[in-house]
Amino acid sequence: MFEMVYFAQSNQNTTMGRNMFGVVLWSDTTDRKAVIWCEDHGDLAFYRQTDKAQGVRLDVGDWVQFDLVTERNQRMAFNPRLVDQGYSPGLPDLLRQADTSESMQAASHGEATGAKVVPFAPRDEKSRSKSPPLACRA
């Protein structure tokens with residue numbers, strides 16, 4: 001897979017960026033902000049559209065490709081491209097349910113919680129051909 005690598009020059013606390021896929025977990029269309037779950041299952045990426053004339057509207061569940069840069073220990077998404085609108089709109093709820101059920105079960109057994117695989121599938125056959133992996137770690 002081709003990986004685009006570049007350096008952002010706006011800040012000396014910025015680390016090298018790369019191309020990433022992810023699913024939008026939260027968005028605010030008024031403030032033009034979004035939080036994206038990244039394909040590498042690392043920290044979430046934050047997006048803020050700075051120019052009204054440019055960018056794409058991001059909604060919960062959209063599958064996007066973007067340039068990822070770490071600035072001051074925070075992952076930032078730049079130049080998002082919509083891969084599939086509404087790809088997995090229920091993913092935030094699945095993650096909340098998985099966290100709640102796993103925590104409650106572990107607490108009742110006096111155990112520490114571990115990683116859990118949360119499956120999600122494309123909404124139709126059209127999306128299946130461009131799908132990311134069908135399970136993500138939470």
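Start with the aromatic side chains: this predicted model has 2 aromatic pairs by the ring-centre rule.

**Stop 1: F21 and W63.** Select these two residues and show their rings. The ring centres of F21 and W63 are 5.7 Å apart and the planes meet at 40°; the pair is tilted, because that angle falls in neither the stacked range under 30 degrees nor the edge-to-face range over 60. In sequence the partners are distant, with F21 in strand β2 and W63 in strand β5, 42 residues apart.

**Stop 2: W63 and Y87.** Keep W63 and add Y87. Is W63 buried or exposed? Its relative accessibility is 6%, so W63 counts as buried, the cut-off being under 20%. Between W63 and Y87 the ring centres are 5.3 Å apart, and with planes at 40° this pair is tilted too. Y87 sits in the loop between β6 and α1 (91-109), while W63 belongs to β5, so the contact between the rings ties together parts 24 residues apart in sequence. Y87 has 0% relative accessibility and therefore also counts as buried. With F21, W63 and Y87 all selected, the view shows one aromatic cluster.

**Stop 3: strand β5.** Now select residues 63-71, the strand that carries W63. Of the 9 residues in β5, 7 are buried, and the strand is mostly covered. In a regular strand, side chains alternate between the two faces of the sheet.

**Stop 4: the β2 side.** Add residues 17-28, which make up strand β2. Which way do β2 and β5 pair? They are antiparallel, with 6 bridges. To find the register, pick G22, which stands opposite V64 in β5.

**Stop 5: the β6 side.** Next add residues 74-84, strand β6. β5 and β6 also run antiparallel, joined by 8 bridges. Here T70 is a useful marker, standing opposite R75 in β6. The two strands form a hairpin with 2 residues between them. In that turn, select R72 and check its backbone: phi is positive, about 50°.

**Stop 6: colour by confidence.** Finally, colour the chain by pLDDT. The protein's mean is 75, and 57% of residues reach 70 or more. Residues 1-12 have pLDDT below 50, yet the model gives this stretch 21 contacts beyond near neighbours in sequence. A second stretch to select is 133-138, where pLDDT stays under 50 and the model has 25 contacts beyond four places in sequence. Where pLDDT is low, the predicted coordinates should not be read in detail.

Key:
Residues are numbered from 1 along each chain as its sequence is written. This is a predicted model: local features need pLDDT of at least 70, side-chain atom pairs count only at pLDDT 80 or more; totals for chains, interfaces and linings use all residues. Side-chain values use heavy atoms; hydrogens and water are left out. pLDDT is the predictor's confidence in each residue, from 0 to 100. Contact means heavy atoms within 4.5 Å. Buried means under 20% relative accessible area, exposed over 50%, partly exposed in between (1.4 Å probe, protein chains only). Helices (H or I, at least four residues) and strands (E, at least two) are DSSP runs, numbered from the N terminus. Two strands pair if DSSP finds at least two bridges between them. Rings of Phe, Tyr and Trp (its six-membered ring) pair if their centres lie within 6.5 Å; planes under 30 degrees apart count as stacked, over 60 as edge-to-face and the rest as tilted.
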